[in-house]
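Q: Please walk me through this entry. I would like to begin with a backbone detail.

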Amino acid sequence: MNATRPSLISGGSLCGRAAAWGRRHMAASTDPYLLRTLLWCGRCDVPMHPHPHCGERTYKCPLGCRKVPLSAEAIEAVTWTAAERRATLSGIAPPFRKSVLEQLLVKVILRANAPDDLRYIWRT
Ligand SMILES: [Zn+2]
């Protein structure tokens, strides 16, 4: 199934990645879910959904393949660390991180039920 969101693959942010951190590409986000559009279920190949659960931010597969909601904080922290290895991201304030990740990543695929079992599809 291909449910790629058009907003991520169209537009000008694909070209000129060297200048990607220029102000014009940086948009502040108030979305509490850093990976709302980027995190995919590796089992079902569908985007995972933000899912507030008992006061905690989690992500959940919409097809229900995982019984346990996954901590958004852990997955986001691991992904941001991977992004920091990929690009120079020092000094990027949290509101801008979503924008930065959307420019760096096509998707993040969650394989098992662990935040460190992620596969990254980077934009090239
Ligand atoms: Zn699934």
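Q: Where is Asp-45 found?
A: Asp-45 sits in the loop between strand S1 (39-41) and strand S2 (46-47). Strands (E, at least two residues) and helices (H or I, at least four residues) are DSSP runs, numbered from the N terminus. Please note that this is a predicted model, in which local features need pLDDT of at least 70 and side-chain atom pairs count only at pLDDT 80 or more, while totals for chains, interfaces and linings use all residues. Residues are numbered from 1 along each chain as its sequence is written, and side-chain values use heavy atoms, with hydrogens and water left out.

Q: What is the phi of Asp-45?
A: Asp-45 has a positive phi of about 55°, although it is not a glycine. Most residues other than glycine have a negative phi.

Q: And is Asp-45 buried, partly exposed or exposed?
A: Asp-45 counts as partly exposed because its relative accessible area is 33%. Buried means under 20% relative accessible area and exposed means over 50%, with partly exposed in between (1.4 Å probe, protein chains only).

Q: Which other residue, not a glycine, has a positive phi?
A: Cys-54 has one, with phi near 50°. Cys-54 lies in the loop between S3 and S4, and these strands form a hairpin with two residues between them.

Q: Why does Cys-54 count as exposed?
A: Cys-54 counts as exposed because its relative accessibility is 76%.

Q: Changing topic to the metal: which residues are the protein donors of the zinc ion?
A: The protein donors are the SG atoms of Cys-41, Cys-44, Cys-61 and Cys-65, which lie 2.2 to 2.3 Å from the zinc ion. Donors are N, O and S atoms within 2.8 Å of the metal (3.2 Å for Na, K and Ca); water is not among the atoms, so sites may look incomplete.

Q: What spacing do the donors follow along the chain?
A: The spacing of the zinc donors is C-x2-C-x16-C-x3-C.

Q: What about the angles among the four donor atoms?
A: The angles run from 98 to 114°, and the zinc site is tetrahedral. Four donors count as tetrahedral if all angles lie between 85 and 135 degrees.

Q: Which of Cys-41, Cys-61 and Cys-65 are buried?
A: Cys-41 is buried because its relative accessible area is 1%. Cys-61 is also buried, at 3%, whereas Cys-65 is partly exposed, at 26%.

Q: How many disulfides are there?
A: The count is zero disulfides, a disulfide being a pair of cysteine sulfur atoms within 2.5 Å.

Q: Now the sheet: in what order do its three strands run?
A: The order is S3-S4-S5, in an open sheet with antiparallel pairing. Strand S3 (49-53) and strand S5 (70-71) are the edge strands, each pairing on one side only. Two strands pair if DSSP finds at least two bridges between them.

Q: How many bridges join S3 to S4, and S4 to S5?
A: Five bridges join S3 to S4, while two join S4 (residues 56-60) to S5. Tyr-59 of S4 stands opposite Pro-50, and its bridge partner in S5 is Leu-70.

Q: Which helix packs on that sheet?
A: Helix H2 (residues 72-86) does, touching S4 and S5, and its direction makes about 75° with that of S4. Axes are lines fitted to C-alpha atoms, for helices over the stretch in contact, and angles run from 0 to 180 degrees between N-to-C directions.

Q: Which residues of helix H3 are buried?
A: In H3 (residues 94-104), the buried residues are Lys-98, Ser-99, Val-100, Leu-101, Gln-103 and Leu-104. They pack against H2, strand S6 (105-110) and strand S7 (118-122). Contact means heavy atoms within 4.5 Å.

Q: How do S6 and S7 pair?
A: S6 and S7 pair in the antiparallel sense over five bridges; Val-108, for instance, has Tyr-120 in S7 as its bridge partner.

Q: Which way do the side chains of S7 point?
A: They alternate: Leu-118, Tyr-120 and Trp-122 point to one face and are buried, while Arg-119 and Ile-121 point to the other and are not buried.

How values were computed. Tetrahedral: all angles 85-135°; square planar, octahedral: opposite > 155°, others 65-115°.
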